[in-house]
Amino acid sequence: MRTRLVLAALVALSTGCVSQGKFNEKALEAEGLTKNLTDEKAARTAAEAKIKALEEKQAALEQEKTALQTRLEASENRLTSAAAERRALEEKNAQLAALNDELGRNAKKLAQAKEELEKKSSEYENLAQSLKQEISDGKIELSEMKGRMTVQLKDKILFASGSARVGKEGQEALVKIADALKTVQGRIVRVEGHTDDVPTGGGQFPTNWELSLARAMAVVRSLQDSGVDPTMLSAAGYGQYQPLVPNDSPEHKSQNRRIEIVLAPSLGGR
C-alpha cells in the first residue's frame, strides 16, 4: 500500500508544476517512506524468522516433552512393577517365615515323639536283660512302642510242628519271661497265637484257628505255672489271618508262625 503511495507521489511530482523546494520535500518524504517500507519488510522478515524459530523450538520442546512423558511412564511402570515384586517377595518371605516356624514346631514334636518312642520301660529293660541270649540268638524279638511292649517268640522254640505242647527250650524261655513279668504292675498280658496258611490236616486241630488258640493257651498256662498273676493273663488265637509277611516262601511262613506276648496298659490301672 505504501509503495503505491510513494509511486503516486512521484508521478504527481513529475507531472505537476511544483516548486523545487516542494519537490525536494516530497522526494525526501518518498525516500523516508521507502526506507520505512524497507525497514518494515526487514523487521517483518526477522519477525517471521523468529516466529519460525520459536515454532521449531516449540516442536522440539513438544518432542522432548513427549519423550520425557514416555520415560516417566516407563519409570512409573518399573516402579509399580518393582513395588508389586517387593510386595510379592515380602509375602513370600512371610510365608517362608511361617513355614519355618511350623517346621521348627514339627521338628520339636517329632523329636519329642521320637524320644517317647525310644524311651524304654523298666519292664522292657528287665525282659531285655533276662532274654539277652535268646534275643542275641534270634529266637526272640522284643519291641516297645507307645507303652505297648511285645515279646515275639518263634514257634520252633516253643512247639513241634502241628503240636500245642511247649517243648523244653520254649519252657526255659517262658520261665525267664515269667520272672520279668512277676514285677509288672498296671499291665495286662495277652498271649496271641499265629500260624502260617498251611492247613492243619484235621485231627486234634481241625483248622489253624484251633491250633493258634491252643498254643496261646499253653503259653498262658506255662506263665501262670511260673508265677505270673493269672488275673493279668489272657489268650487269643488269630490263626493265619494276621501274617507279618506274605506266606509265599518257607522263610516267610516261618516268620508268620509265632507267639506274641503283648503287654498293654490295664484299663483298671492295677
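**Stop 1: helix H6**

Start by selecting residues 168-181, which form helix H6 in this predicted model. How far apart should the ends of its 14 residues be? At 1.5 Å a residue, the expected span is 20 Å, and the C-alpha atoms at the two ends are indeed 20 Å apart, so the two values agree.

Now colour the buried residues of H6: Gly 170, Ala 173, Leu 174, Ile 177, Ala 178, Ala 180 and Leu 181. Look down the helix axis: these residues lie on the same side of H6, because they cover an arc of only 155° around that axis. A general rule helps here: an α-helix has 3.6 residues a turn, so residues three or four places apart point the same way.

**Stop 2: the nonpolar core**

Keep H6 on display and add the largest nonpolar core, a group of 32 residues. Which residues have the most contacts inside this core? Select Leu 153, Ile 177, Leu 223 and Ile 261 to see them. You have already met Ile 177 as one of the buried residues of H6.

Next, show the elements that give two or more residues to the core: helix H3 (122-130), strand E1 (140-145), strand E2 (148-154), H5, H6, strand E3 (187-194), H7 and strand E5 (258-265). H6 provides the largest share, with six residues.

**Stop 3: helix H3**

Move on to H3 and pick out its buried residues, Glu 123, Tyr 124 and Leu 127. Their arc around the axis is only 100°, which puts them on the same side of H3. Turn the helix around, and on the other side you will find Ser 122 and Gln 129, which are exposed.

**Stop 4: the largest pocket**

Select Ser 161, Gly 162, Leu 211, Arg 215 and Arg 257. Among the 18 lining residues of the largest pocket, these are the closest to its centre. The space in this pocket is about 280 Å³.

Helix H5 (155-158) and helix H7 (208-225) are the elements that give two or more residues to the lining. Which of the elements gives the largest share? That is H7, with three residues. Try colouring the lining by residue type: six are nonpolar, seven polar and five charged.

**Stop 5: Gly 227**

Follow the chain on from H7 into the loop that leads to strand E4 (233-237), where Gly 227 sits. Is Gly 227 buried, partly exposed or exposed? Its relative accessibility is 44%, so Gly 227 counts as partly exposed. Now select Val 175 as well: the two residues are 52 apart in sequence, while their C-alpha atoms are 8.9 Å apart in space.

**Last stop: the whole protein**

Zoom out and show everything as a cartoon. The protein has eight helices and five strands, and along the sequence they follow the pattern α-α-α-α-β-β-α-α-β-α-β-α-β. Of its 270 residues, 26% are buried.

Technical notes: Residues are numbered from 1 along each chain as its sequence is written. This is a predicted model: local features need pLDDT of at least 70, side-chain atom pairs count only at pLDDT 80 or more; totals for chains, interfaces and linings use all residues. Side-chain values use heavy atoms; hydrogens and water are left out. Helices (H or I, at least four residues) and strands (E, at least two) are DSSP runs, numbered from the N terminus. The expected span of a helix is 1.5 Å times one less than its number of residues. Buried means under 20% relative accessible area, exposed over 50%, partly exposed in between (1.4 Å probe, protein chains only). The arc is that of the directions from the helix axis to the C-beta atoms. On a 1 Å grid over the protein atoms alone, a cavity is a set of points where a 1.4 Å probe fits but cannot get out, and a pocket is an open set with protein on both sides within 12 Å along at least five of seven lines; lining residues have an atom within 4 Å of a point. Grid points are joined across faces, edges and corners, and a volume is the space filled by probe spheres set on the points. Ala, Val, Leu, Ile, Met, Phe, Trp, Tyr, Cys and Pro count as nonpolar, Asp, Glu, Lys and Arg as charged, and the others, Gly among them, as polar. A nonpolar core is a set of buried Ala, Val, Leu, Ile, Met, Phe, Trp, Tyr and Cys residues joined through side-chain atoms within 4.5 Å.
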